Amino acid sequence: MPPLQYASLMDTMARMNLRADASRYFFGYIWWVLEPLLYVAVFYVVFNVILDSRRLDFLAFLMCGKLAFIWFSKSVNQASNSILANRGLVGKINVPKTLFPLAVIQEGLYKQVTVFLLLFAVLLMYGYRPSATWLALVPIVGVNYLMIVACSLVGACLVCFMRDFSMVIGLMMIFLMFTSGIFWDVRALGDPAKTELLLAVNPLAFILDAYRQVLMYNQAPDWLHLGVVGIGSGAVCLIVGRAMHRGNQFLARRVLIS
Amino acid sequence: MSGADDRRVMLQLDEVYLSYHSSKATFDHGVHRVLDGVSLQLFEGETLGIIGRNGVGKTTMLRVMAGILAPNSGKVSQYPGKTSSLLTIGLGFKPDLSGRDNALLSAMLQGASKRQAKGYLEEIKAFSELGDSFEEPVKTYSSGMRSRLGFTTALISHVDILLIDEALSAGDAQFRGKAEAAMKERISGDQTVVFVSHMEGQVQKLCDRAIWLENGKVAAEGDTAEVLAGYQQLVKQAATKS
């Protein structure tokens, strides 16, 4: 399939999914912002009202981390199951199997644009002012996107190979939610070595922290670290994407027969 | 029938084997041979019928021909530059989307560009006779309306080799007649077709040549009437046994 047609098909699939999704609910497209906001509200009640966070800027802090995290976790979760979910199509046409996860990711990307706009609005309301440093968001969002694609492709292969991985991926997302510093500050662990280690081991914690550094403290991210995460994710995308391209029929067989 | 064929071979299967382990089986127990050394040639412009009972590997064979599945061993060779597509009713409709959106998506999945697909839409609307329902969500359709939409969308696709899997059971008697006529028109032209069915009547009517598949093997091949005669005998035997 020529790249342009691939892209146009992926985009059409994503838009159709969005439209179908919106028509299913009474609040339709409003859920794009309502769902993330409700997540934020739940976390706010638990970690600021019930357990005192002792931060005045907790809402901004929480939103910077949580909204980016939901983008990651929802996309990876859904994209991982997407080939299996489309097994009816897989049995009828020979399409590149990467199309299914990428369409799901594209769908998430459209929603996330709205969510980020909402985040900016809230930050402005709380008195945070955009500066030139905010331009660093472009590479940060780009690397975040690459991480989503890399994890989704790997996840989709694993689920095709063994459906049980779907369970494991769901659990992994919960694990990541607790270990990526969403409702607690990676920089306030008390031991700088521990912070270093966590940021090095968990790229998601690094990315969420980078969002905060830029948006809340006007601090540029650690470019070298960001570059390494970006190149690493890009490499995984390329390698797994190519493997999926070569093993297109193998994946179909796993989905259809096993 | 063979020998004299100087027509171009569009698709060829050589000793194709396809088997899989049924789930949770250990070692060589539970190996299921779906295709067991199938060889065949498909010539340009012909309509080849494939007949056989349920579960003898007809759909799997079409999937191998369409390139959806790769065989465990053996060779599938297609004439360079030719495309083949499996025509099946209802490429996984999304019930919440309108008939129009579903048709657009199906046409694009079958290889049309977005502009081409949009160009087909009015044709699809007219042929399927869905009228205003074309703009309604597919979840409101009756099963007959669904298959009309599916058949029409599939029919519009333009491919060199058309692989048809039991496609003619669409809609009510009136629409079925129209569908069969449209299908015949496609088939009688230069279109190369592989037509799979367990309905002998359709194979008899539409196919130049037939292959009878039994337990993943080619049981007979050649003139449609002769192959069908053999097949009917087997079906009768099976019926008297049970």
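## Close-ups of a predicted two-chain model

**Figure 1. Where chain A meets chain B.** In this view, 24 residues of chain A are in contact with 23 residues of chain B. Keep in mind throughout that this is a predicted model. On the side of chain A that touches chain B, the elements giving two or more residues are α1 (3-24), α4 (87-90) and α11 (248-257) of chain A. Which of them gives the most? That is α1(A), with ten residues. If you sort the residues on this side of chain A by type, you get ten nonpolar, ten polar and four charged.

**Figure 2. Helix α10 of chain A, end to end.** Here's a helix you can check with a bit of arithmetic. Helix α10 covers residues 223-246 of chain A, which makes 24 residues, and at 1.5 Å a residue they should span 34 Å. The C-alpha atoms at its ends are 34 Å apart in the model, so the expected span and the model agree. Now look at who is tucked away: L226(A), V229(A), G230(A), S233(A), C237(A), V240(A) and M244(A) are buried in α10(A). And what do the buried residues of α10(A) pack against? Their partners are α6 (137-161), α9 (203-217) and α11 of chain A.

**Figure 3. Chain B as a whole.** Let's step back before zooming in again. Chain B has seven helices and nine strands. Of its 242 residues, 43% are buried. Take the contacts in chain B between residues at least 6 apart in sequence: 69% of them join residues at least 24 apart.

**Figure 4. The three-stranded sheet of chain B.** Strands β2, β1 and β4 of chain B line up in the order β2-β1-β4 to make an open sheet with antiparallel pairing. The edges are β2 (31-43) and β4 (73-78) of chain B, each of which pairs on one side only. From one strand to the next, the twist averages 15°. Strand β1 (residues 9-21) of chain B is joined to β4(B) by five bridges, and the two run antiparallel. To find your place on this pair, look for L11(B), which sits opposite Q78(B) in β4(B). There's a helix here too: α1 (residues 58-65) of chain B packs on the sheet and touches β1, β2 and β4 of chain B. The direction of this helix makes about 55° with that of β2(B).

**Figure 5. The six-stranded sheet of chain B.** This open sheet has six strands in the order β5-β6-β7-β3-β8-β9 (chain B), and the pairing is mixed. Its edge strands, β5 (84-87) and β9 (217-223) of chain B, each pair on one side only. Ignoring direction, neighbouring strands of the sheet are turned by 20° against each other on average. For an antiparallel pair, look at β8 (residues 209-214) of chain B and β9(B), joined by six bridges. One spot to find along that pair is L213(B), whose bridge partner in β9(B) is V218(B).

**Figure 6. Strand β7 of chain B and its neighbours.** Is this strand buried or exposed? Six of the six residues of β7 (residues 192-197) of chain B are buried, so the strand is largely enclosed by the rest of the structure. In a regular strand, side chains alternate between the two faces of the sheet. You can follow that pattern here: T192(B), V194(B) and V196(B) point one way from β7(B), while V193(B), F195(B) and S197(B) point the other way. Strand β3 (residues 47-51) of chain B pairs with β7(B) in the parallel sense over five bridges. Strand β6 (residues 161-165) of chain B also pairs with β7(B) in the parallel sense, over five bridges. A handy landmark is F195(B) in β7(B): G49(B) stands opposite it, and I164(B) stands opposite it too.

**Figure 7. Two residues in loops with a positive phi.** Most residues other than glycine have a negative phi. Here are two that go the other way. E129(B) isn't a glycine, yet its phi is positive, at about 55°. You'll find E129(B) in the loop between α3 (114-128) and α4 (143-156) of chain B. E129(B) is partly exposed, with 15 other C-beta atoms within 10 Å. N215(B) isn't a glycine either, and its phi is positive at about 50°. Look for N215(B) in the loop between β8 and β9 of chain B. With 14 other C-beta atoms within 10 Å, N215(B) is partly exposed.

Notes
Residues numbered from 1 in each chain as written. Chains lettered and ligands numbered in written order. Predicted model: local features only at pLDDT ≥ 70, side-chain atom pairs only at ≥ 80, totals over all residues. Pairing = 2+ DSSP bridges. Helix = DSSP H or I, 4+ residues; strand = E, 2+ residues; numbered from the N terminus. Axes fitted to C-alpha atoms, helices over the stretch in contact; angles between N-to-C directions. Contact = placed C-beta atoms within 7 Å. Nonpolar A, V, L, I, M, F, W, Y, C, P; charged D, E, K, R; others polar. Expected span 1.5 Å × (residues − 1). Buried ≥ 20, exposed ≤ 12 C-beta atoms within 10 Å, placed from the backbone.
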